Amino acid sequence: MSSSFGARGAGVPWRTTPSLRPPPVTRWCAPGRKRRRGPAGSGNKMAAPGRRLCLVAALLLLLVGAQALAPSHHLTARDLARLRAALERPFTDLQAAYYSIVGLHSLGLRVADEKAACNFVKSHVDSSSVDSLFYAAQSIRVLSGCEVTISNETRELLLAAVSEDSSITQIFHAVGALSSFGLPLASQEALSALTARLSKEENVLATIQALETASYLSQQADLSGIVEEIEDLVARLDDLGGVYLQFEEGIETTALFAAAAYKLSDHVGTEPAMKEEQIIQLMNAIFSKKNFETLSEAFSVACAAGSLSHNRYHLPVVIVPDGPAAVSHHQPVLRLQVTNVMSKPLTQASVKLDYAKSASTKATVLQQTAFTLSGEVFELNFMNVKPASGYYDFSISVDGDNRFIANRVELKVKVSTEVGITNVDLSTVDKDQSIAPKTTRVAYPAKAKGSFTADSHQNFALSFQLIDVNSGADLIPHQTFVRLHNQKTGQEVVFVAEPDSKNVYKFELDTSERKTEFDSASGTYTLYLIIGDATLENPILWNVADVVIKFPEEDVPSTVQSKNLFVPKPEIKHLFREPEKRPPTVVSNTFTALILSPLLLLLILWIKIGANISNFSFAPSTIVFHMGHAAMLGLMYVYWTQLNMFQTLKYLAILGGVTFLAGNRMLAQKAVKRTH
Amino acid sequence: AAGSVGSVVRRFLAEYGSGTSSRLKVLDAYLLYVMLTGALQFGYCLGVGTFPFNSFLSGFISAVGSFILGVCLRIQINPQNKGEFQGISPERAFADFLFANTILHL
């Protein structure tokens, strides 16, 4: 909760464009309690330390309060035209007609053809639907010369809709329709139905509609419970970076809330419980939407604009310079547009300059001066005080109505002037100091006659002074460059001329020192003087003279190649993994034959020793054993070529089992035979 | 010295020829074969390079393993060692030999 206070307290400099809404979301300093319908004054459920923190934070805000938040969005004339175009679409159904008619009325505009609109409404109203009756009623009330008679059934229908069993929307529409048709309405019953319903429907839109409904009820009823809802809703607004305040449901809901809150407050006669900063943040959020996708969105913004321009308590003021915020001798007057949120000029207001300080020296140049009204614009001739060129911080306040809020702004104003170059001396200075320097004076914008030479014996020097043409004071602009351009090769080198303590600019060209910049390219160079600054109205590019530069060593490099950085690099060829070196096939084959030779040897030896199978008995177990064993060897081969281990193990288990049993038998028989 | 080595070898061979049963001689021939095969493989690897290293490994280890199992069988079969292998008849030793070989070559 305390995270965003620092950012808010520091204030947002005027004219920032928050294109990206910062992510942090905080709830305004209020209990995060759930709304309870219960006896008023049951107190706050917020914990004590939280409340203390809130007070400290509020105190901090007050201290830093001088830097208040300035409105960043409002309905400019173009936005107003766009909004009007969005609302002036031809009617598709009764609800669209309602949005258009009532929306335009909120903006202070009228529908193009009121008679046609009236007929449309009358022909499209559905007497059995409360919503339809509401739209028709509101539209008819706004259109001039539009009358309609209400039948008794319709009246009964509307009165029946005002009960605890209907939704808040139904109650709102019924009450609104009854009130706009001029039919009698039992306010107390309506209020109790509303209150009962509010405890069940706790969403934001329902609460807003409850506020609107209450604004139709008689003031005899105790509407304070509903008025408290405004405060609760303010607590539910999301703070986006200290600049915007809106509901998570969107801009439309926020705009409807603003309209409803002021409507109810005006009706009841109590100031809405919103701080100045919150109102400005609401304003920023609502008017940040410049394109309206749906008619209901356009309607909601129009209602909000209307209520923020005409209510009894808070009128946000928008102060915008007319054109760029800059003055000069040609244009000495600073013009301001002071309007309300709908860009309607507040010609009754009195606009005053609190102070104007130089941005660099912080010296106050002017204070407590009033702006004069000229047409719809407020003017002040700032050049009367003969300010030096540069930037100034203006603090402007608007008074005249104690409903004004956001009526103090800080503005950055630029004062520009013209620069003049004087005392321009070009000279060639001998290095040995044996010959006196030859100086030529040139006047802007002429070019010096003859050319100057700079070589190993002499340097070229340039000196000049810059003054403000209007005031005669010395100027130190941001850009004072000396540019030398080689006529043949197109090469150019730029140097900076620096002022000395007496504000005289000096530039000296020593050929031995500056060899590298020039790439030792001798030749004729044209010398230009470039003077520029944000506060200068006449930046200067002046061809002063031609300078012939000779470099000592004549090792002229090849003509300067423009370093082209964007040539394709050599292609990288993928190197496949080289196959390993193999021995020649002959060797491998020889070895294979060689390997088989021990087998031969074995057979020979066995024969020699006299191994035989004469003892072979043809008992079944023997045969089975030998077959099984042969099969196992065969399986090994198949394993090598085709199978994987699991399959092999499976077959092996079977074969092995059989072979084992047979072998066991056979060997047992053999053992028995042996022991006999 | 050369003469004594030669005479030792000759005597050994004579003793061997007469003293060992033919069964053992058959087994010995097998062992000799396996050893030669292994040695030849190793020599090839040293000489020509380990190119199909997997092949070399499998062949060599197979040779070595077979040799070891053969030696075990010979020890177990030799009647002179009967005292140390009380519960194991030659048949049993042979069966073990077959089984172990199967597992090795799996």
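## Chain A against chain B, and inside chain A

In this predicted model, 31 residues of chain A are in contact with 23 residues of chain B. Together the two chains bury about 2,400 Å². Of that area, 82% lies on carbon and sulfur atoms.

Three residues stand out on the chain A side. Phe591(A), Ile609(A) and Leu667(A) supply 21% of the area that chain A buries against chain B. No other three residues supply more.

Which elements of chain A give two or more residues to the side that touches chain B? They are the helices α16, α17 and α18 of chain A. Helix α16(A) gives the largest share, 13 residues.

The residue classes on this side of chain A can be listed briefly.

| Class, side of chain A that touches chain B | Count |
|---|---|
| Nonpolar | 22 residues |
| Polar | four residues |
| Charged | five residues |

How many salt bridges does the rule find across the interface of chain A and chain B? The count is zero. For polar contacts, the count between the two chains is one residue pair, with both residues at pLDDT 80 or more.

Salt bridges do occur in the structure: over all chains it holds 19. One of them joins the side chains of Asp79(A) and Arg82(A), at 3.5 Å from N to O. Both residues belong to helix α3 of chain A, which covers residues 77-87. Asp79(A) and Arg82(A) sit three residues apart, about one turn of the helix.

Chain A also contains an open sheet. Four strands build this sheet, in the order β5-β7-β11-β10. Their pairing is antiparallel. Why is one side of β5 and one side of β10 left without a neighbour in the sheet? Strands β5 (318-321) and β10 (372-374) of chain A stand at the edges and each has a single partner strand, so one side of each has no neighbour there. From one strand to the next, the twist averages 35°.

Strands β7 and β11 of chain A pair with each other. Strand β7 spans residues 333-339 and strand β11 spans residues 377-381. The two run antiparallel, and four bridges join them. Which residue of β11(A) stands opposite Val333(A)? That residue is Asn381(A).

To return to the interface: the buried area is about 2,400 Å², with 82% on carbon and sulfur atoms. The side of chain A that touches chain B has 22 nonpolar residues, and the rule finds zero salt bridges across the interface.

Methods. Residues are numbered from 1 along each chain as its sequence is written. Chains are lettered from A and ligands numbered from 1 in the order in which they are written. This is a predicted model: local features need pLDDT of at least 70, side-chain atom pairs count only at pLDDT 80 or more; totals for chains, interfaces and linings use all residues. Side-chain values use heavy atoms; hydrogens and water are left out. Two strands pair if DSSP finds at least two bridges between them. Axes are lines fitted to C-alpha atoms, for helices over the stretch in contact, and angles run from 0 to 180 degrees between N-to-C directions. Contact means heavy atoms within 4.5 Å. Buried area is the accessible area (1.4 Å probe) that two parts lose on being put together, summed over both. A salt bridge is a side-chain nitrogen of Lys or Arg within 4 Å of a carboxyl oxygen of Asp or Glu. A polar contact is a pair of N or O atoms within 3.5 Å; within protein, one must be able to donate a hydrogen and the other to accept it, and residues adjacent in sequence count only if both atoms are side-chain atoms. Ala, Val, Leu, Ile, Met, Phe, Trp, Tyr, Cys and Pro count as nonpolar, Asp, Glu, Lys and Arg as charged, and the others, Gly among them, as polar.
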